[in-house]
Structures are given as C-alpha cells and as structure tokens.
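Please look through the structure shown below together with its sequence. The report that follows takes up salt bridges, then the contact between chains, and then the interior.

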Amino acid sequence: MTMIHIRLNGDPHPLEAGTHLVQLIEQLGLTGRRIAVEINEEIVPKSQHAQTPLAEGDQVEVVHAIGGG
Amino acid sequence: MTVAGREFSSRLLVGTGKYKDFDETGAAIAESGADVVTFAVRRTNLGQDAEAPNLLDAVSPQRYTLLPNTAGCYTAKDAVRTCRLARELLDGHNLVKLEVLGDDHTLYPNVVETLKAAETLLADGFDVMVYTSDDPIVARELEAMGCCAIMPLGSLIGSGHGIQNPHNVRLIVEQSSVPVLVDAGIGTASDAAMAMELGCDGVLLNTAIAHARDPLRMARAMKLAVEAGRDAFLAGRMPRRQNADPSSPFAGRINS
C-alpha cells in the first residue's frame, strides 16, 4: 500500500494514496458534522468532497464554529 | 434595525465566547433577546469525540442569524480565508464580522489590513460588518467602500472600560448612513445605554455578559439597557442647566 503525507490542521498526517477528501472526513469521524474544509488555502465545497483526491504535501484545514465574540 | 437588507428586532448583538458551557451560552443568549449571534472559526480538534456537543447545537442557525467573526486574524489574508471558510460552514451565508487585529496586547484593530480585507471581501460578495477604531475618517472610508455596518470599539476588547471616546462615536453616528454599532469595551448596562443614547443603532458585546457573576441576569440587563438607551435617544434628552429649576411650582406655597 502506497502512503502519502499531508498536513492536517498543521500536523503531519499519513494517508493511503488515492484517498479522497470524503474518505478522510469519514476516517476522522466527521461525516455529517458542520465543518468547512480548505486544501492549500482554497475552499473545497461540500458538494466536491467526494470528487477531490488528496495529494502528497496537501495542506488541509478542517474548521468548525466555536464560541467567540 | 436593518443591516444589509436584513431586518432585526433586537439592537443587541451578542458573542458566544467565555461561557462556562453551551447550556449557559444558550440560556444567556435567549435571555438577551438578541437575533444576531457572533462566533469564531477554528481548527476542529481531531481525535476528539465526534459526538461532542457543537456550538451550533446550542445556538441554532434556524433560530439566530449567525455572524462569523475573524477574531484572531492579524492579516487581511487570514481574515479573508476565515470568512470564506465561514461561508462554506454556513451554506453560503455571506454576512460576516470583519476584525483584523494589530497585536495581542491591545487587540486594537489594524485599520490598514482591515481596509484591504474589506475590499477583497466586498468584491467577493460578502456583506461586511466591520470592527474598527473610533476614527471617523476611517469609518467614512469603510462606509464608502460598501461595508454594511460600522462597528467602532468603545474601548479595548474584553476590557470592560466602556466608551472611552463618546465624542468620536457621536461623530461617526452623525456622518454614517449605514448602521453604527459599538463593538467591544462594554462593561455593564450603563455603557450599553450610553452607546444607544449617543445614537448608535446597536451594541455588540460578549464578555460583559459571559463574565458577569450572573450571566443570565446581566443578559437581561443588557437587553433592557439597549432598549432604554434607544428610547432615551429618540425621546431627546432635556437641556442641561447651570442652576436648579424646581419641578414643583413656586406659586401657592403656604406662607407666600
């Protein structure tokens, strides 16, 4: 199995090559949660999570709403 | 109050930070009567229990108008990214509170970066409510660019020092044709009333409620203060006088 490495919320994260964003979200237990995802500083809309493959070196940010003023 | 074509019945806008837990957050916000509720966008804690409660469970997007903020951003670039993430998070909702900070000691707005971020966000279709200094010239620039609400600080974020320069706030109110809200610095109910008596369209606060000994009671106090201040502004205060002026008539006193 070929592995790739992305940076996920700033930390190194190994992944099986060919993983799509929707699968990463599932692996993280975040399916159905209210989150937003950016890859390499570009938003990836929810509608495209299934079609978006992850590549070596991708910088992935997964964010959610928290308390703030 | 109408902001970017959206009608709100309450002139009090509240934050969701610094509460003990989501139950207290939800209860205090309900008590405040606010329609607009601001929140922050942060990295999801990965590996955390995915069933853990979420802010948006306590503060439902169906019940409130959610106003994502860019708190913690020190550059225009980070603020713009944060707004785009928020828009994705809220399924295209485009009303944001822009704040770009200068340093972590004062959290004072960096107006140069704020102007840059506002320009990009407005071009990208956002409705921008903008946190800024109490400088009327900067406020005028932000309005001219197309920001839908001008939100000068009363004093430093989280300081509770009230409105340090009411004269500047009044100048901003008098020159603006979009809503003006005091954002930051409100410490207690009289500060909120003062903002409204100066003619502001609304008040945005967080810590004054969250860090009160009894947040629910302070939430109610703020709601009433904003309403009272607005009525006092509309009623028009009496003129100040140098000397006393009796409220009971002189005529008809016994012994007169």
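## Salt bridges, interface and core

B:R241 is exposed, with a relative accessible area of 57%, where exposed means over 50% relative accessible area, buried under 20% and partly exposed in between, computed with a 1.4 Å probe on protein chains only. The side chain of B:R241 meets that of B:D245 in a salt bridge, with 3.6 Å from N to O, and B:D245 is itself partly exposed at 47%. A salt bridge here is a side-chain nitrogen of Lys or Arg within 4 Å of a carboxyl oxygen of Asp or Glu.

Before going further, note that this is a predicted model, in which local features need pLDDT of at least 70 and side-chain atom pairs count only at pLDDT 80 or more, while totals for chains, interfaces and linings use all residues. Residues are numbered from 1 along each chain as its sequence is written, chains are lettered from A and ligands numbered from 1 in the order in which they are written, and side-chain values use heavy atoms, with hydrogens and water left out.

Side chains of opposite charge can pair when their charged atoms come close. Over all chains, the rule gives a count of 17 salt bridges, and four of them are set out here.

| Salt bridge | N to O distance |
|---|---|
| A:E38 and B:R81 | 2.5 Å |
| A:E41 and B:R81 | 3.5 Å |
| B:R241 and B:D245 | 3.6 Å |
| B:K20 and B:E24 | 3.8 Å |

In the pair of B:K20 and B:E24, the lysine B:K20 counts as exposed at 67% relative accessibility, whereas B:E24 counts as buried at 15%. The pair of A:E41 and B:R81 crosses between chains, from the loop between β3 and β4 (42-43) of chain A to helix α3 of chain B; helices (H or I, at least four residues) and strands (E, at least two) are DSSP runs, numbered from the N terminus. Both ends of this pair are partly exposed, A:E41 with a relative accessible area of 38% and B:R81 with 22%.

How many salt bridges are there between chain A and chain B? The count is seven. Across the interface of these chains, 17 residue pairs, with both residues at pLDDT 80 or more, are in polar contact, which is a pair of N or O atoms within 3.5 Å; within protein, one must be able to donate a hydrogen and the other to accept it, and residues adjacent in sequence count only if both atoms are side-chain atoms. On the side of chain A that touches chain B, the elements that give two or more residues are β3 (36-39) and β5 (59-67) of chain A, and the largest share, seven residues, comes from β5(A). The residues of this side divide into 13 nonpolar, eight polar and six charged, where Ala, Val, Leu, Ile, Met, Phe, Trp, Tyr, Cys and Pro count as nonpolar, Asp, Glu, Lys and Arg as charged, and the others, Gly among them, as polar.

In total, 27 residues of chain A are in contact with 32 residues of chain B, contact meaning heavy atoms within 4.5 Å. The area buried between the two chains is about 2,600 Å², of which carbon and sulfur atoms give 53%; buried area is the accessible area (1.4 Å probe) that two parts lose on being put together, summed over both.

Turning to the interior, the largest nonpolar core has 66 residues, and those with the most contacts inside it include B:I150, B:L205 and B:M222. A nonpolar core is a set of buried Ala, Val, Leu, Ile, Met, Phe, Trp, Tyr and Cys residues joined through side-chain atoms within 4.5 Å. Helix α3 (residues 76-89) of chain B gives the most to this core, with seven residues. Apart from this core lies another, of 16 residues, among them A:L8, A:L28, A:V37 and A:V60.

B:L205 is found in strand β10 (residues 202-205) of chain B and counts as buried at 4% relative accessibility. Leaving aside neighbours within four places in sequence, B:L205 is in contact with residues including B:L12, B:V14, B:I186 and B:M222. The C-alpha atoms of B:L205 and B:A184, which are 21 residues apart along the chain, are separated by 6.0 Å.
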